[in-house]
Amino acid sequence: MCELGLKELSEILPHQSGMLLLDEIKINREEAKGKLTVREESCRGHIIDGRPVLRGSDLLDMAAQLLAVYTYINYPELRERVCVVREYGKAKLKGIIVPGNVISITLGPESVIRTGKGNFDIISGNDFVVRGIEGEMKAQIDSVVLVVSM
């Protein structure tokens, strides 16, 4: 099992100040799982029915972060390469996420596919699930595709 906290994640994932970053990621044989405590600043400027809510696009970024860290851990030969998001698939939002919510995003290793294309590797992750702390479904993301170049 591999457990990474915010400090380790900030060293692995390129990010700018103010960008949403998962609090932790745990990877084992059964799944890769990221966790986030939603903060007020993460929802700034996105108000629905008078309350701040997490943007759906942030859930896509969480999926990309989870897949990128999964790639970093499981394919060490790719660590020194540049990794970028090529595309996001469809997302289905099942409920709102507000400050104070603790959410998790999971990905099964069987849902990760690596293909090589010359100087590029394509890493596809499929069937991400976002849940609240009580296990309630918050969103489903059908895919994220990363390109890892030389």
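**View 1. Charges of the predicted model.** The protein, shown here as a predicted model, carries 19 positive and 21 negative charges. The mean positions of the two sets lie 3 Å apart.

**View 2. Surface and interior.** About 8400 Å² of the protein is exposed. Carbon and sulfur atoms supply 48% of that area. Of the 150 residues, 43% are buried.

**View 3. The fold from end to end.** Two helices and eleven strands make up the secondary structure. Their order along the sequence is β-α-β-β-β-β-α-β-β-β-β-β-β. The radius of gyration is 15 Å, close to the 15 Å that the globule rule gives for 150 residues, so the protein is as compact as a globular protein of that length. Along the principal axes, the C-alpha atoms fill a box of roughly 50 × 30 × 30 Å. Among contacts with a separation of 6 or more, 64% join residues 24 or more positions apart.

**View 4. The largest nonpolar core.** This core has 39 residues. L59, I103, I105 and F128 have the most contacts inside it. The elements giving two or more residues to the core include the strands β1 (2–5), β2 (24–27) and β3 (32–37). Further along the sequence, α2 (56–74), β8 (102–107), β10 (120–132) and β11 (137–149) do so too. The largest share, ten residues, comes from α2.

**View 5. Close-up of I103.** Which residues surround I103, leaving aside its neighbours within four places in sequence? I103 is in contact with G34, K35, L36 and V38, and with L54, L59 and M62. Its other contacts are I97, V130, R131 and G132.

How values were computed:
Residues are numbered from 1 along each chain as its sequence is written. This is a predicted model: local features need pLDDT of at least 70, side-chain atom pairs count only at pLDDT 80 or more; totals for chains, interfaces and linings use all residues. Side-chain values use heavy atoms; hydrogens and water are left out. Helices (H or I, at least four residues) and strands (E, at least two) are DSSP runs, numbered from the N terminus. The radius of gyration is taken over C-alpha atoms; the globule rule is 2.2 Å times the number of residues to the power 0.38. Buried means under 20% relative accessible area, exposed over 50%, partly exposed in between (1.4 Å probe, protein chains only). Contact means heavy atoms within 4.5 Å. Accessible areas come from the Shrake-Rupley method with a 1.4 Å probe; for residues, only the protein chains shown count as cover. Lys and Arg count as positive and Asp and Glu as negative; His and the chain ends are not counted. The place of a charge is taken as NZ of Lys, CZ of Arg, CG of Asp or CD of Glu. A nonpolar core is a set of buried Ala, Val, Leu, Ile, Met, Phe, Trp, Tyr and Cys residues joined through side-chain atoms within 4.5 Å.
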